[in-house]
Amino acid sequence: MEWWIMKYGKIRIEDGFLVFTRHMMINNLPCKDIVWAYMRKEGADEGDDRQLSVNYLVIVTRRKKRYKFDMTEKEIHECIRILKILNPDMATGFPKGGRISLHSLPNTRDLGAIVTADDRHILPRRLLRSGELYHISESDKNRLREEYNLKTVIDLRSAEERKCKPDTIIAEVEYYHVPVVDEDVQVISNREQFVKMLAGLPDDMEEYMIRQYRNLCMDQLVLKQYAKFIDILFRQEKGAVLWHCGTGKDRTGIGTAFLLSLLGVEEDVIYEDYLRTNRYMEPKLVYMQRLVQTWPEADEKMTEKLPIIYNVKEEYLAAVFETVKKTYGSMEKFFQTVFYLKPKMIEEFRNKYLI
């Protein structure tokens with residue numbers, strides 16, 4: 001076919017190889033050996049101090065070598081498209097933990113490209129955090145399956161929550177039920193239950209949530225479930241894993257914080273990922289605030305309590321890290337004691353998801 005020999009800037013794709021010159025020598029890199037390709041921009045227009053903006057195609061190989069080729073943005077997109085055809089398992093893009101632009105899921109994110117303390121990156125399109133999949137659209141299902149190669153879904157909700165709002169089944173995806181809390185989870189399926197739930201929440205919501213988070217990471221049954229969650233990730237071979245609870249903020253947030261810490265991500269970056277929920281769930285919160293205000297049985301206090309359902313605060317996650325370190329001494333000892341991961345296993349886990 002014609003595209004077997006394609007030229008992009010100073011490189012060409014020929015018979016399944018990426019061909020380029022380095023140090024006066026011609027290199028033939030098998031496209032199958034590329035694990036990640038993305039576009040990087042350098043330089044910008046800054047007022048009178050005008051700098052040249054240059055686009056680069058960055059290639060990362062299985063041997064963890066990085067190559068950078070300057071070319072036009074159009075050439076980069078076309079080159080990545082062809083490389084993806086030749087190597088469907090190759091990761092693309094630089095999401096840096098950002099939201100996947102799905103139509104029906106507001107809080108689904110790709111942890112890919114988040115940087116670790118030792119300057120490695122999480123491979124994109126492998127680790128996805130989300131809210132429930134009950135209302136996922138057909139186009140979003142297809143995108144997760146085809147573009148992200150989704151292979152595994154881990155549902156952290158209770159049995160009652162799953163019964164009320166079951167995950168929409170996606171073809172060729174394996175499902176695991178790992179209920180972090182399987183008791184005392186209030187299931188909301190109608191307006192009456194929603195109003196009752198809001199009325200039952202305490203006035204001091206911040207202190208209430210800090211206490212809830214602290215209790216979760218002191219509960220051995222809860223920690224056992226998070227250990228199962230990590231074990232599923234440890235055994236994953238190919239494709240993406242998606243885990244979720246209801247809105248994807250609390251149980252998912254804690255599990256993601258444990259995962260990122262295990263991968264060697266610094267705490268300030270973990271907080272940054274955790275707090276993204278507020279931005280992605282803001283439209284839903286505003287909609288619900290306006291809706292509740294139209295209900296005659298709802299009072300002002302109920303409206304004030306709504307953010308607890310859709311927002312998170314740094315203090316909540318801080319309670320988890322503080323409690324774990326106080327109980328176990330360090331995150332490393334926590335992983336060894338609770339998740340049964342020895343240092344060699346932790347490095348094996350990191351090598352699976354980092355590049």
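The following legends describe close-up views of a predicted model.

**View 1. An open sheet of 4 strands in the predicted model, with helix α1 packed on it.**
The strand order is β9-β8-β5-β10, and the pairing within the sheet is mixed. Strands β9 (66-70) and β10 (91-92) occupy the edges; each has a single partner strand, so one side of each is left without a neighbour in the sheet. Strand β5, spanning residues 34-42, pairs with β10 in the parallel sense over 2 bridges. Within this pairing, A37 has T92 of β10 as its bridge partner. Helix α1 (residues 73-86) packs on the sheet and touches β5, β8 (54-61) and β10. The direction of helix α1 makes about 170° with that of β5.

**View 2. The parallel strands β13 and β14 and the helical connection between them.**
Strand β13 comprises residues 150-155 and strand β14 comprises residues 174-177; the two are joined by 4 bridges. D155 stands opposite H177, a residue of β14. From β13 the chain passes through helix α3 (residues 159-164) before reaching β14. This β-α-β crossover is right-handed.

**View 3. The packing of helix α7 against helix α8.**
Two packed helices are described by the angle between their axes and the distance between the axes. For α7 (residues 251-262) and α8 (residues 267-293), the axes come within 10 Å and cross at roughly 155°. Because angles over 145 degrees count as roughly antiparallel, α7 and α8 are assigned to that class. Their crossing is right-handed. On the α7 side, the contact is made by G253, T256, A257, L260 and S261, while α8 contributes I270, D273 and Y274. By residue class, this contact of α7 with α8 divides into 4 nonpolar, 3 polar and 1 charged.

**View 4. The packing of helix α6 against helix α13.**
Helix α6 covers residues 220-235 and helix α13 covers residues 343-353. Their axes lie 10 Å apart, and the helices pack at an angle of about 60°. This angle makes α6 oblique to α13. The crossing of α6 and α13 is left-handed. In the contact, I230, L233 and F234 of α6 meet M345, E348, F349, K352 and Y353 of α13. The residues of this contact divide into 6 nonpolar, no polar and 2 charged.

Technical notes:
Residues are numbered from 1 along each chain as its sequence is written. This is a predicted model: local features need pLDDT of at least 70, side-chain atom pairs count only at pLDDT 80 or more; totals for chains, interfaces and linings use all residues. Side-chain values use heavy atoms; hydrogens and water are left out. Two strands pair if DSSP finds at least two bridges between them. Contact means heavy atoms within 4.5 Å. Axes are lines fitted to C-alpha atoms, for helices over the stretch in contact, and angles run from 0 to 180 degrees between N-to-C directions. Angles under 35 degrees count as roughly parallel, over 145 as roughly antiparallel, 65 to 115 as roughly perpendicular and the rest as oblique. A crossing is left-handed if the near helix is turned anticlockwise from the far one by less than a right angle, and right-handed if clockwise. Ala, Val, Leu, Ile, Met, Phe, Trp, Tyr, Cys and Pro count as nonpolar, Asp, Glu, Lys and Arg as charged, and the others, Gly among them, as polar. A crossover is right-handed if, with the strands pointing away from the viewer, the path from the first strand over the helix to the second runs clockwise.
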